[in-house]
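Dear colleague,

I am handing over the structure we spoke about, together with my notes on it. Please look through it before you read on.

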Amino acid sequence: MKRIDERDIIFSRANYQRGSKCYEDYYLRNPEKKELDDSLRSRPDLCEEGTMTYNEINSKMANCAFEFLSDIDHLCEKDVVSEKIKVDSKTITKRLKGLAKQYGVSVVGVTKLKESHKYTHRGRKESSYGDEVNLNHKYAIVFGCEMDKEMINRSPMVSEVIETTKCYVDVSIVGMILSYFIRSLGYDARNHMNANYLVMPVLLAQDAGLGEIGRNTILTNKDYGSRLRLGVVTTDLELELDEPADFGLEDFCNMCKKCSFNCPSHSLSNETKTSSDGTYNWGIDVDSCYTKWRYLGTDCGMCISACPFSQNLETIKNSTTFKDNPELIQRALDEFKKKFGSRVFVPGNPSWLR
């Protein structure tokens with residue numbers, strides 16, 4: 001798999017301010033993206049006044065979470081604080097997973113770190129813009145915190161972005177604790193969190209057995225659907241590996257298409273695309289998706305709530321796999337339709353946000 005340059009992702013591009021070195025360098029090399037990106041920067045940012053969902057009180061709940069994450073960002077990398085303590089890989093893996101669960105994660109797994117998991121260059125911050133990513137860790141601990149179903153079902157309203165930012169905070173704190181703990185044992189570790197990633201969490205999560213990547217291009221877990229916010233800690237500490245999961249999501253997504261039909265920007269394809277090796281390759285138009293975010297003022301979330309796996313359906317809970325089983329898939333889709341109709345969106349806010 002070809003590695004991705006973080007300078008090219010939409011979140012990086014949206015931050016390049018006119019006149020900065022990042023701006024001049026990036027659009028000298030990518031002039032075709034300049035017009036769209038200038039248009040995006042002229043719009044209000046997420047949770048800001050002028051967006052469709054803005055609320056002068058509630059929108060600040062999400063913004064303050066991002067401010068807090070920015071304040072702790074510098075703690076992702078620190079020096080190892082002791083001589084190496086000899087540990088057994090099986091035992092320490094069990095303890096790290098237990099510690100992560102103690103701090104509230106819903107799922108956790110371990111995988112080997114591959115070159116394809118890493119960005120080629122950094123792009124989110126001007127201070128590190130263009131730096132090559134050189135990460136020599138061997139393992140990645142990947143974990144996810146469940147986002148509250150009722151909050152996510154109010155997508156694309158402010159309730160949704162309050163919940164996603166809350167879980168960004170949750171996984172960032174868990175990552176800090178795990179990385180601090182590993183360094184205290186004498187091994188190097190790095191927390192990868194919001195706007196400070198050297199790796200791509202979704203790819204790592206799939207390889208660590210946390211779920212599969214479906215049509216909405218988001219990691220989908222059998223129990224929590226797409227309602228997981230992911231965190232990653234990489235390390236040179238020897239760990240026990242987990243195996244990728246396969247519960248037939250590709251077959252399910254091939255029939256379902258609810259995320260693409262509910263996408264307000266039509267950014268998800270209704271077609272079934274395959275890559276050169278014959279596997280499914282779901283795609284997303286990131287430019288139109290993020291443009292809709294800036295209009296809405298939230299990170300939308302409608303493809304998350306529209307996913308039947310996100311809705312605790314009895315058919316899904318009581319089934320092991322949907323692979324090569326169109327009748328079972330149809331039964332789950334019928335249950336979804338009976339429960340929600342054509343959409344999941346629930347208007348209004350929880351009582352505490354009113």
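What follows is a description of the sheet, the helices, some backbone details and the salt bridges.

Please keep in mind throughout that this is a predicted model.

I begin with the sheet, an open one of four strands in the order β1-β2-β6-β3, with antiparallel pairing. Strands β1 and β3 stand at its edges and have a single partner strand each, so one side of each is left without a neighbour in the sheet. Averaged over neighbouring strands and with direction ignored, the turn of one strand against the next is 20°.

The edge strand β3, residues 189-192, pairs with β6, residues 228-235, in the antiparallel sense, and four bridges hold the record of that pairing. Within it, Asn 191 has Val 233 of β6 opposite, while His 192 stands opposite Val 232 of β6. In a regular strand, side chains alternate between the two faces of the sheet. For β3 both faces turn out to be covered, since Ala 189 and Asn 191 on one side are buried, as are Arg 190 and His 192 on the other.

On the helices, α5 (89-102) lies across β1 and β2 (139-146), and runs at about 145° to β1. Helix α4, which spans residues 59-72, has as its buried residues Ser 59, Ala 62, Ala 65, Leu 69 and Ile 72, and among the elements that cover these buried residues is α7 (158-184).

There is also a nonpolar patch on the surface, formed by Phe 68, Tyr 103 and Ile 173, which together have about 270 Å² of accessible area. Of these residues, Tyr 103 belongs to the loop between α5 and β1 (107-112), and with a relative accessibility of 44% Tyr 103 counts as partly exposed.

Three places in the backbone deserve a look when you go through the loops. The peptide bond that leads from Ser 155 to Pro 156 is cis, with omega near 10°, and Pro 156 is located in the loop between α6 (149-152) and α7. Thr 217, in the loop between β4 (212-213) and β5 (219-220), has a phi near 65°, which is a positive value in a residue other than glycine; its relative accessibility of 23% makes Thr 217 partly exposed. His 266 likewise has a positive phi, near 55°, in a residue other than glycine, and is found in the loop between α10 (258-262) and α11 (286-296), where His 266 is exposed, with a relative accessible area of 66%.

Finally, a search of the whole structure finds 21 salt bridges, and I describe some of them here.

Asp 38 forms a salt bridge with Arg 18, with 3.4 Å between the closest N and O atoms. This pair links distant parts of the chain, as Asp 38 is in helix α3 (residues 34-41) and Arg 18 is in the loop between α1 (10-13) and α2 (21-29), 20 residues apart. Asp 38 counts as buried at 16% relative accessibility, whereas Arg 18, at 59%, counts as exposed.

The side chains of Asp 73 and Lys 125 also meet in a salt bridge, at 2.4 Å from N to O. Because Asp 73 lies in the loop between α4 and α5 and Lys 125 in the loop between β1 and β2, the pair ties together parts that are 52 residues apart in sequence. Here Asp 73 is buried, with a relative accessible area of 14%, and Lys 125 is partly exposed at 24% relative accessibility.

Within a helix, the side chains of Asp 170 and Lys 166 meet in a salt bridge at 2.7 Å from N to O; being four residues apart in α7, Asp 170 and Lys 166 are separated by about one helical turn. Asp 170 counts as partly exposed at 24% relative accessibility, and Lys 166 counts as partly exposed at 42%. Salt bridges that share partners, moreover, join Arg 18, Lys 34, Asp 38 and Arg 41 into one network.

With best regards

Terms used:
Residues are numbered from 1 along each chain as its sequence is written. This is a predicted model: local features need pLDDT of at least 70, side-chain atom pairs count only at pLDDT 80 or more; totals for chains, interfaces and linings use all residues. Side-chain values use heavy atoms; hydrogens and water are left out. Buried means under 20% relative accessible area, exposed over 50%, partly exposed in between (1.4 Å probe, protein chains only). Helices (H or I, at least four residues) and strands (E, at least two) are DSSP runs, numbered from the N terminus. Two strands pair if DSSP finds at least two bridges between them. Patches are made of residues with over 30% relative accessible area and no salt bridge: like charges are joined within 9 Å, nonpolar side chains (Val, Leu, Ile, Met, Phe, Trp, Tyr) within 5 Å. Accessible areas come from the Shrake-Rupley method with a 1.4 Å probe; for residues, only the protein chains shown count as cover. A salt bridge is a side-chain nitrogen of Lys or Arg within 4 Å of a carboxyl oxygen of Asp or Glu. Contact means heavy atoms within 4.5 Å. Axes are lines fitted to C-alpha atoms, for helices over the stretch in contact, and angles run from 0 to 180 degrees between N-to-C directions.
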